[in-house]
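Visitor: Hi, could you walk me through this one before I set anything up?
Guide: Gladly, let us put it on the screen.

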Amino acid sequence: MPSPTTQSTTTERSALHSTIWKVANDLRGSVDGWDFKMYVLGMLFYRFISENLAAHINSKQGIDPAPLQTGGGGNTLTLMKI
């Protein structure tokens, strides 16, 4: 029998999963799912490339990239864990 903590975590994940799907469907509207997916994946890829290029240029110039990050961070290690 799973512990109450494990069960509540599973319930929270399930609720989060369904909420994310509802939000995605609302945002997507009447756009085909495949087209929306390609748009989102393209945006994520663009962000990944942009941040890594900026980090590479900053490292070549001797600039510490840590203070330049804003928002959720989004460094390579974070993106690889997702």
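Guide: What follows goes through one helix, its charge pairing and a surface patch, and the model is a predicted one.

Visitor: How many residues does helix 2 have, and how far does it reach?
Guide: Helix 2, which covers residues 33-61, has 29 residues and reaches 42 Å from its first C-alpha to its last, close to the 42 Å expected at 1.5 Å a residue.

Visitor: And what comes just after helix 2?
Guide: Just after helix 2 comes Gly 62, which takes a positive phi of about 80 degrees.

Visitor: Switching to charges, how many salt bridges are there?
Guide: The count comes to one salt bridge, and Glu 51 forms it with Arg 47, the closest N and O atoms being 2.9 Å apart.

Visitor: Where do Glu 51 and Arg 47 lie?
Guide: Both lie in helix 2, four residues apart, which is about one turn of the helix. An α-helix has 3.6 residues a turn, so residues three or four places apart point the same way.

Visitor: What are the relative accessible areas of those two?
Guide: Glu 51 is partly exposed, with a relative accessible area of 27%, while Arg 47, also partly exposed, has 37%.

Visitor: New topic: which residues form the nonpolar surface patch?
Guide: The patch is formed by Trp 34, Met 38, Tyr 39, Val 40, Leu 41, Met 43 and Leu 44, which together have about 720 Å² of accessible area.

Visitor: Why can Met 38 count towards it?
Guide: Met 38, found in helix 2, is partly exposed with a relative accessible area of 38%, and because patch residues need over 30%, Met 38 qualifies on that criterion.

Note on methods: Residues are numbered from 1 along each chain as its sequence is written. This is a predicted model: local features need pLDDT of at least 70, side-chain atom pairs count only at pLDDT 80 or more; totals for chains, interfaces and linings use all residues. Side-chain values use heavy atoms; hydrogens and water are left out. Patches are made of residues with over 30% relative accessible area and no salt bridge: like charges are joined within 9 Å, nonpolar side chains (Val, Leu, Ile, Met, Phe, Trp, Tyr) within 5 Å. Accessible areas come from the Shrake-Rupley method with a 1.4 Å probe; for residues, only the protein chains shown count as cover. A salt bridge is a side-chain nitrogen of Lys or Arg within 4 Å of a carboxyl oxygen of Asp or Glu. Helices (H or I, at least four residues) and strands (E, at least two) are DSSP runs, numbered from the N terminus. Buried means under 20% relative accessible area, exposed over 50%, partly exposed in between (1.4 Å probe, protein chains only). The expected span of a helix is 1.5 Å times one less than its number of residues.
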